[in-house]
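Me: I am new to this structure and would like a close look at one hairpin and its surroundings. Could you walk me through that part, step by step, and show how it fits into the rest?

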Amino acid sequence: MESKAEAIEVDSQEIEDDDDGPPPGWHSIPPPPQASPPQPPPSSEMVQLVCGSCRTLLSYPKGARHVKCSSCEMVNLVLEAHEVGQLKCGRCEVLLMYPYPAPSVRCSSCHFVTVIGAHNKRPPWSVIQGYSPPLPNQIQ
């Protein structure tokens, strides 16, 4: 078996000796640059929200997920309408908005913590989309 192993080594050495590189005048062509996926054009539509800390009215481009307040530098989370619940403060009656599924919300005016009851929980997704399943005894 040693002779077979030696013969393979000799063959590989012969192959390596024959490989002198590419022929004269040959140059490798670099691969084309990877094109980045097209980005959607920035929205020119501006929307507004009130800072959750200092209550400054902020304008920002529609579609942003976070907005930094220019007054107090707090980063505000932007929520869509279907991600937000509303209720009145348990102390001062100010209308409060909160992200689903928060268990409670602190008033930005009087700092009272209002517990979000079952009547303020997010409705089922089917109700939000306007679909209600048929009743079991309904004839279709």
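Reply: Happy to! A word on names to begin with: strands are runs of at least two residues that DSSP marks E, helices are runs of at least four marked H or I, and both are numbered from the N terminus. Please also keep in mind that this is a predicted model.

Let's set the scene. The protein has 140 residues, of which 15% count as buried. Two helices and eight strands are found in it, and their order from the N terminus on is α-β-β-β-β-β-β-β-β-α. If we take contacts between residues at least 6 apart in sequence, 13% of them join residues at least 24 apart.

Now to the hairpin, which is formed by S5 and S6 with six residues between the strands. S5 covers residues 84-88, and S6 covers residues 95-99. The two strands are antiparallel to each other and are paired over five bridges. You can find one of the pairs by looking for Val84, whose bridge partner in S6 is Pro99.

Follow the chain into the loop between S5 and S6 and you will meet Glu93. Its phi is near 70 degrees, a positive value in a residue that is not glycine. Glu93 has a relative accessibility of 49%, so it counts as partly exposed, given that "exposed" begins over 50%.

Back in strand S5, have a look at Lys88. Lys88 is exposed, with a relative accessibility of 52%. Leaving out residues up to four places away in sequence, Lys88 touches Glu93, Val94, Leu95 and Thr114. Glu93, one of these, is the loop residue with the positive phi. Thr114 is 26 residues away from Lys88 along the chain, and the C-alpha atoms of the two are 8.4 Å apart.

Across the hairpin, S6 has two faces to tell apart. Leu96 and Tyr98 make up the covered face, while Leu95, Met97 and Pro99 make up the uncovered one. Two residues of that uncovered face have already come up: Leu95 is among the residues that Lys88 touches, and Pro99 is the bridge partner of Val84.

Met97, also on the uncovered face of S6, leads us to the largest pocket, which has a volume of about 960 Å³. It is lined by 31 residues, and those closest to its centre are Leu49, Val50, Gly52, Leu77 and Met97. Two or more lining residues come from each of S1 (46-50), S4, S5, S6 and S7 (104-106), so both strands of our hairpin take part. S6 contributes the most to this lining, with five residues. Sorted by class, the lining holds 21 nonpolar, six polar and four charged residues.

From the pocket we can step over to another hairpin, the one made by S1 and S2, where six residues also separate the strands. S1 and S2 run antiparallel and are joined by five bridges. Opposite Val47 you will find Tyr60 of S2. Tyr60 belongs to the covered face of S2 together with Leu58, and the uncovered face carries Leu57, Ser59 and Pro61. The loop between S1 and S2 contains Arg55, which has a positive phi of about 65 degrees although it is not a glycine. Arg55 is partly exposed, at 46% relative accessibility.

One last stop lies just before our hairpin along the chain. Side chains of opposite charge can pair when their charged atoms come close. The structure holds one salt bridge, formed by Arg65 and Glu83, with their closest N and O atoms 3.7 Å apart. Glu83 sits in the loop between S4 (75-77) and S5 (84-88), and Arg65 in the loop between S2 (57-61) and S3 (66-68), so the pair ties together parts that are 18 residues apart in sequence. Both partners are partly exposed: Arg65 has a relative accessibility of 38%, and Glu83 has a relative accessible area of 23%.

To retrace the path, start at Glu83 in the loop leading to S5, follow strand S5 to Lys88, turn through the loop that holds Glu93, and finish on S6, where Met97 is among the residues closest to the centre of the largest pocket.

Terms used: Residues numbered from 1 in each chain as written. Predicted model: local features only at pLDDT ≥ 70, side-chain atom pairs only at ≥ 80, totals over all residues. Heavy atoms only, no water. Salt bridge = Lys/Arg side-chain N within 4 Å of Asp/Glu carboxyl O. Buried < 20%, exposed > 50% of the residue type's maximum accessible area, 1.4 Å probe, protein only. Pairing = 2+ DSSP bridges. 1 Å grid on protein atoms, 1.4 Å probe; cavity = no way out; pocket = protein on both sides within 12 Å on 5 of 7 lines; lining within 4 Å. Points joined across faces, edges and corners; volume = space filled by probe spheres on them. Nonpolar A, V, L, I, M, F, W, Y, C, P; charged D, E, K, R; others polar. Contact = heavy atoms within 4.5 Å.
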